[in-house]
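Me: I should like to understand the terms used for this structure. Please set each term against its definition as we proceed.

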Amino acid sequence: MTPQADRQMELTLPMVPDIEIAAARAAGNLGREMGMSVEDVDEMAHAVVEACINAREHSCCVDQRIYLRFRGTSPDVQTLKVEVWITDNGQGFNLDEARLRRRGSSNNGPKKRGWGLQIMEAHMDEVEISTGDKGTTVRMVKYGEKKL
Amino acid sequence: MSDELKLAVERRGDGAVLYTKGYINNVGGEEIANRSYELLDAGVTTLLLNLKETKIVNSIGISILIEIIEKMMEKGGRLGFCCLTPVIQKTFQIMGLAQYASIYADEESAIKDLGLQKS
């Protein structure tokens, strides 16, 4: 069987309130076009929302832009794969500190903020973060099952 | 954007059902909180949030829902959620919200369990 052609898309979005919805819709459209299940598409959309919010809230970048790249492939006859790269040109952050912070919780009840990374990891199959003083890129992968 | 949250309220005895439609972000979460606190001040002790028309949430919006749960608990009230999408329910579980509030598959079972009678 001929492998499904790659589907790619790039977006540059301004860091304005609720712009994460545009990014989530783009991810969702690609996932649906690839034939992913509703739940897989929905999980990917929620992960993209969190990644964009982190970029908007914490990157402190001068250009106030989020750069997104989406790539949908079909690595074999049964599998669908959507990769998403979410990049900002901000000041980066200390990933180890962020991971430590997320383990901390208040003694007075549930921890309220700082769940973005955990939500991304729970909803996606792979999450990789590269960060430095020139910016941050979050690469996330969602696999789905192809309907035969 | 067009996913701005819309809220509708139905009073049921000393409780109320809040119906959400749209994105629960910081603004939507604050709107739910404000409406919930108004209802608390008006004597409501049990709240049910029906999220049937909400397909996307973010962690900031959920953090505000956690604040509402805490306030309800402080005042001896109860808060429940119903009609969540599987992904929203999973997100609630991740953030620990499910430990502090009841989650129901549908409105009928929520109303029965929470004792929300029609006024």
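Me: What makes the strands of chain A an open sheet, and which strands are the edge strands?

Reply: In this predicted model, five strands of chain A follow the order β1-β2-β3-β5-β4 with antiparallel pairing, and the sheet is open. The edge strands are β1 (7-14) and β4 (126-132) of chain A, because each of them pairs on one side only. On average, neighbouring strands of this sheet are turned by 15° against each other, direction ignored.

Me: How do you know that β1(A) and β2(A) are paired?

Reply: Two strands count as paired if at least two bridges are found between them. β1(A) and β2(A) have eight bridges, in the antiparallel sense, and therefore they meet the requirement of at least two. One of the partnerships joins A:Glu10 to A:Arg69 in β2(A).

Me: What makes β2 and β3 of chain A a pair, and what joins them?

Reply: Strand β2 (residues 65-76) and strand β3 (residues 79-88) of chain A pair in the antiparallel sense over eight bridges. The cut-off is at least two bridges, so these strands also count as a pair. Within β3(A), A:Val82 is the bridge partner of A:Gly72, and A:Lys81 stands opposite A:Thr73. A hairpin of two residues joins β2(A) to β3(A).

Me: Why is A:Ala51 said to touch A:Ile86?

Reply: Residues are in contact if their C-beta atoms, placed from the backbone, lie within 7 Å. A:Ala51 touches A:Ile86, so this pair meets that limit. A:Met120, A:Val138 and A:Met140 are also touched by A:Ala51, leaving aside residues up to four places away in sequence.

Me: What makes A:Ala51 stand out in the largest nonpolar core, and which helix gives the largest share of this core?

Reply: The core has 67 residues, and A:Ala51 is among those that touch the most other members, together with A:Ala27, A:Val48, A:Cys52, A:Ile86 and B:Leu48. A member of such a core must be buried, with 20 or more other C-beta atoms within 10 Å of its own, and therefore A:Ala51 counts as buried. Helix α2 (residues 38-58) of chain A gives the largest share, 10 residues.

Me: How many residues of chain B are in contact with chain A, and of which classes are they?

Reply: On chain B, 22 residues are in contact with 20 residues of chain A. The elements of chain B that give two or more residues to this side are α2 (59-74) and α3 (86-94), and α2(B) gives the most, with six residues. By class, the side of chain B that touches chain A has 11 nonpolar, seven polar and four charged residues.

How values were computed. Residues numbered from 1 in each chain as written. Chains lettered and ligands numbered in written order. Predicted model: local features only at pLDDT ≥ 70, side-chain atom pairs only at ≥ 80, totals over all residues. Helix = DSSP H or I, 4+ residues; strand = E, 2+ residues; numbered from the N terminus. Axes fitted to C-alpha atoms, helices over the stretch in contact; angles between N-to-C directions. Contact = placed C-beta atoms within 7 Å. Nonpolar A, V, L, I, M, F, W, Y, C, P; charged D, E, K, R; others polar. Core = buried A, V, L, I, M, F, W, Y, C linked by C-beta atoms within 7 Å. Buried ≥ 20, exposed ≤ 12 C-beta atoms within 10 Å, placed from the backbone.
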